[in-house]
Amino acid sequence: MVRFTQDKNIVIGYVPIRRDMFPAGPAMELEKEVRARFETMAESCGDVTLVPIDEAVDGGMLWDIRDVDGVVEYFRKKKVDAVALIHCNFGQEEAAAKLAKELDKPVLLWGPRDPSPESDTSGKTGPRDYDTQCGMFATSRALSRYQVKFSYIENCWLDSEVLDKGFEEFIRVVSVVKAFRGMRIGQVGTRPRQFLSVKVNESELLSKFGIEIVPIWPEEVKTMVEKLKWSIEPEPEGCEIRFGKPALDTNREQNPDPRIEEIVKEIEANLDYSAIGHEAVVKMAYLEVALMELAKINQCSAIAIDCWGFSQEAYGIASCFVLGDLFDRGLPAACETDIHAAIGSVLLQAAARYASPSFIADVTIRHPQNDNAELLWHCGPFAKSLVRKGVKPAIKDCKGMYEIEQGPITVARFDQENGEYSLLADEGEGVDGPKTTGNYVWFQVKDWVKWEKKLMYGPYIHHVSGIHGNYAKILKEACKYLGNVAHDSVELVEEF
């Protein structure tokens, strides 16, 4: 499949810490076991790199405050996305807190449970070798004094499943934070005039969060399509794309970019396209590749498009299916120029570690028989890979026509009111319901009236981003690190 490549790798700075007042030998022996365990967990998570501090600190363990600057410099060089503070005995809360403060990255705090005091290396009742949990309490307080947000896994045995689950969840949190910081959203065209609800404060997104909105002119898309017909690489800076005409040698035959044919074959092999014909599928393929190329040039992790007029005027096709297919290829693409929906979709896919595409839906009507179910629907921009088993997917008017899978679904909405930003994140279940047109899923929750009131009073609108799976807890924890983004919920979400 033709893919839009995103940076999915997570780099964790692994920092084993010990207290110099405790015997060094037991802590160093324990650290060997802990490191092996963390390396195994990192490998099982996929796309996770563990960076120990051996090259920055003699002995590979942090206990001396004088080593902090060297570790900070080393981790910055390695571009770590988060830091794991691992207690191998009581630890050194001063060094740990200063390190975390300087790095300004998500922090994981954990240490293994102590053995029975009678089994300590002394072999006699007396001073203990570790007191790990006690040190974790000290470090957590030091982090709080430095105003460092942190996540922690309960003090558990080294082979506990609690550690596996906690580490995996932390990786998902880091994935969300990494996706959020420095996000760039390509805006193709302007919002539909009537859609006051999708207005955003571009300057505020940049100053508060470093999120940039990158204008992409519809003319740039047209020019890119023409370039793809002759398989000419775009200029790196995009100057010719923005202002010039494509430098095409019209004396030779067209030689379309090979991705066009690949996408056409994929669509025609998996969907009933008889209502639109082969020519329309080719046009959609060109539009998909052009948008991916422009997103790549502008270093965008998502795009938002004026889907009401641009593609119809330029190519005579609706852009709905194209947007859904871009989700399938790894590029979230919001319809109706909904920037906030694009941001929510990026965060959901990061929480899912990019295992499934998200989707953007209207919250439309209540289920005629089920008082706690609602129709999540849109005119045809859901990824084809989400189609419900047993449903024959079709394309009509260049829009997807199929119900998507049921099961657990997380719904999110990033939005703001008077400069205050929040992330609504909660969960429900896809259930049976009446058939309708476009793309849809019936979404059941515990108490729909609570949801309706939450959406009615805002600061949310009738658009939500959704993804299959349970990630509300991950998004809640990630809000700690996003900076001035309050977590919001309808249902009660379990603590991290």
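In what sense do strand E11 and strand E16 pair, and over how many bridges? Before I answer, please keep in mind that what we are looking at is a predicted model.

E11, which covers residues 373-378, and E16, which covers residues 439-444, pair in the antiparallel sense, and the pairing runs over six bridges. If you want a place to look on the structure, His-378 stands opposite Asn-439 in E16.

E11 also pairs with strand E10, residues 359-366, again in the antiparallel sense, here over three bridges. In that pairing Val-363 has Leu-376 of E11 as its bridge partner, and the connection from E10 to E11 is a hairpin that passes through six residues. As for exposure, E11 is mostly covered, with five of its six residues buried.

Let me turn now to a pair of helices. Two packed helices are described by the angle between their axes and the distance between the axes. For helix H9, residues 258-270, and helix H10, residues 277-297, that angle is about 125° and the axes lie 9 Å apart, which means that H9 is oblique to H10. The crossing of these two helices is right-handed.

Which residues make the contact between them? On the H9 side they are Arg-259, Ile-260, Ile-263, Val-264, Ile-267 and Glu-268, while H10 contributes His-278, Val-281, Val-282, Ala-285, Tyr-286, Glu-288, Val-289, Met-292 and Glu-293. Sorted by character, the residues of this contact comprise 10 that are nonpolar, one that is polar and four that are charged.

Note on methods:
Residues numbered from 1 in each chain as written. Predicted model: local features only at pLDDT ≥ 70, side-chain atom pairs only at ≥ 80, totals over all residues. Heavy atoms only, no water. Axes fitted to C-alpha atoms, helices over the stretch in contact; angles between N-to-C directions. Helix = DSSP H or I, 4+ residues; strand = E, 2+ residues; numbered from the N terminus. Parallel < 35°, antiparallel > 145°, perpendicular 65-115°, else oblique. Left-handed = near helix turned anticlockwise from the far one by under 90°. Contact = heavy atoms within 4.5 Å. Nonpolar A, V, L, I, M, F, W, Y, C, P; charged D, E, K, R; others polar. Buried < 20%, exposed > 50% of the residue type's maximum accessible area, 1.4 Å probe, protein only. Pairing = 2+ DSSP bridges.
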